[in-house]
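Work through the exercises below with the sequence and the coordinates at hand. Each task is followed by a solution in steps.

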Amino acid sequence: MSNRFRMSTALDVDDLLMECIPYAIALANEKYHFDPPISIYEVDHWGKLGTRADVIFEFFEDPEFYRNQPVIPGAKEFVRKLSKMTDVFISTSIPPKFMGIRAQRIMDEFPEIPPEHIYMGSRKDKINVDILFDDGMHNVFKSNAAYPILMRRPWNQIATGMLAVNNYDEFLKLLEVITTGYSRVEESGRRPDIVVLVGPSGSGKTKVAKKMLDRLDCFGKLVSYTTQDPTALKENDWYTYISRHQFFEMLDKGMLFESTMYAGHGFGSKKEDVDKILAEGKIVLATMDICGAMALKTHFKNVVTVYIKRDKRTLLSSILAKNSTNEDKVNRIMSIDHEKQNEEICDYVVPNTGYDETAEEIIRLLKLSKENV
């Protein structure tokens, strides 16, 4: 990686490197024999919920909890890899009476991180680093890091538009894109295997994608699965509606190679659907948020991301005209400013000057035509 300078990354600990909520849930189920057992998906917001899941907070007052927190599978290897790419710091929020236990666990489990790089306290906005990686939505929102990145968890599902990943591999891929900004397609000289249109709600990416399908038959549409209200999907054949129960069941069974929450709705794609389109000799055409785009870059080669840019007034008008709830519209509006950062890490940025014109411009940038596909 040819960086002119070495970037710095601050890592959270709870539910990023060590199990916290899942561990507390396991302890609660073992102690109280809940029937059915408490599921991690019941903890869909941070803090006390007024539900039976609130029982987990009693374990956060026990020093043995912090002494015995399991290290998340893959966390040690992730830190080893990351330490070769950036300077790694710890930024962890923990009650003062347990700070000694936490510091010792970090030093024992992650020796690559220098002790002087361990910071404790809830004011993560005071940490001066290039990248913050955290599962706390509030920490990501308030961060002063150049690239605050969210680890997707059930309790941050209402977070919309920000940089987010589902696992360590996707984070490392996103870091690679941030630090090098390269395009696999330009390096290889091949036509893209997958094209992903990214952009805030109201950018018109789905309509642009439809125009691209109309122009060239080399594209194959990737249909995603979503929990969004089916009445809002009535005229959108890019999505298949599933219930929240089905969505989480598919996640648990590993049926979705990528998944994200956008404006409180679950979205996900199956690898077999991508493979089917590629087997037909077509270019996969998808519309996703940046989280889904990074998942595709992680799992497949020759993936091109195109950010669809639109002025804020038009974005707001488009969102307000949507057939959805007021809460959904508010979540989408709040995400607009966060989405702007995604311009920097996409391979191309194309202004939406009209659906036909924008589709033509993307096809031109990709060097595609009816003659060469």
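**Exercise 1: the loop between helix 1 and helix 2**

Leu49 is located in the loop that runs between helix 1 (21-32) and helix 2 (63-68); helices (H or I, at least four residues) and strands (E, at least two) are DSSP runs, numbered from the N terminus. The model is predicted: local features need pLDDT of at least 70, side-chain atom pairs count only at pLDDT 80 or more, and totals for chains, interfaces and linings use all residues. Residues are numbered from 1 along each chain as its sequence is written, and side-chain values use heavy atoms, with hydrogens and water left out.

Task: classify Leu49 by accessibility and list its contacts.

Solution.
- Step 1. The classes are buried (under 20% relative accessible area), exposed (over 50%) and partly exposed (in between), with a 1.4 Å probe and protein chains only.
- Step 2. Leu49 has a relative accessible area of 27%, so it is partly exposed.
- Step 3. A contact means heavy atoms within 4.5 Å. With neighbours within four places in sequence set aside, Leu49 is in contact with Glu42, Val43, Asp44 and Asp54.

Task: describe Pro36 and Pro37.

Solution.
- Step 1. Pro36 lies in the loop between helix 1 and helix 2, and Pro37 is found in the loop between helix 1 and helix 2.
- Step 2. The peptide bond joining Asp35 and Pro36 is cis, with omega of about 0 degrees. Most peptide bonds are trans.
- Step 3. Pro37 is partly exposed, because its relative accessible area is 49%.
- Step 4. Not counting residues up to four places away in sequence, Pro37 touches Asn29, Glu42 and Arg52.
- Step 5. From Pro37 to Leu251 the C-alpha distance is 18 Å, with their positions 214 residues apart in sequence.

**Exercise 2: positive phi**

Task: take Asp15 and Lys367, give phi for each, and decide whether each is buried or exposed.

Solution.
- Step 1. Most residues other than glycine have a negative phi.
- Step 2. Asp15, although not a glycine, has a positive phi of about 65 degrees. Asp15 is placed in the loop between strand 1 (8-11) and helix 1.
- Step 3. The relative accessible area of Asp15 is 4%, so Asp15 is buried.
- Step 4. Lys367 is not a glycine either, and its phi is positive at about 60 degrees. Lys367 lies in the segment after helix 14 (355-365).
- Step 5. Lys367 has a relative accessible area of 65% and is therefore exposed.

**Exercise 3: the surroundings of Thr227**

Task: locate Thr227, then find what its side chain and its other atoms meet.

Solution.
- Step 1. Thr227 sits in the loop between strand 9 (224-226) and strand 10 (239-241).
- Step 2. Thr227 is buried, because its relative accessible area is 10%.
- Step 3. A polar atom of the Thr227 side chain lies 2.8 Å from the backbone nitrogen of Gly266.
- Step 4. Residues up to four places away in sequence are not counted; Thr227 then touches Tyr241, Ile242, Ser243, Arg244, Phe247, His265 and Gly266.

**Exercise 4: three helices**

Task: state how far helix 11 is covered, and place His338 and Arg313.

Solution.
- Step 1. Helix 11 (residues 290-299) is mostly covered, with eight of its 10 residues buried. Among them are Ile290, Cys291, Met294 and Leu296.
- Step 2. His338 belongs to helix 13 (residues 326-339). With a relative accessible area of 25%, His338 is partly exposed.
- Step 3. The C-alpha atoms of His338 and Phe98 are 34 Å apart, and the two residues are 240 residues apart in sequence.
- Step 4. Arg313 is in helix 12 (residues 312-320). Its relative accessible area is 68%, so Arg313 is exposed.
- Step 5. Arg313 and Pro63 are 250 residues apart along the chain, and 52 Å separates their C-alpha atoms.

**Exercise 5: the whole chain**

Task: compare the radius of gyration with the globule rule and summarise the fold in numbers.

Solution.
- Step 1. The radius of gyration is taken over C-alpha atoms, and the rule is 2.2 Å times the number of residues to the power 0.38.
- Step 2. For 373 residues a compact globule would have a value near 21 Å; the protein has 21 Å, so the two agree.
- Step 3. The C-alpha trace spans about 65 × 50 × 40 Å along its principal axes.
- Step 4. The secondary structure comes to 14 helices and 15 strands.
- Step 5. Of the 373 residues, 53% are buried.
- Step 6. Of the contacts between residues at least 6 apart in sequence, 70% join residues at least 24 apart.

Note on methods. A polar contact is a pair of N or O atoms within 3.5 Å; within protein, one must be able to donate a hydrogen and the other to accept it, and residues adjacent in sequence count only if both atoms are side-chain atoms.
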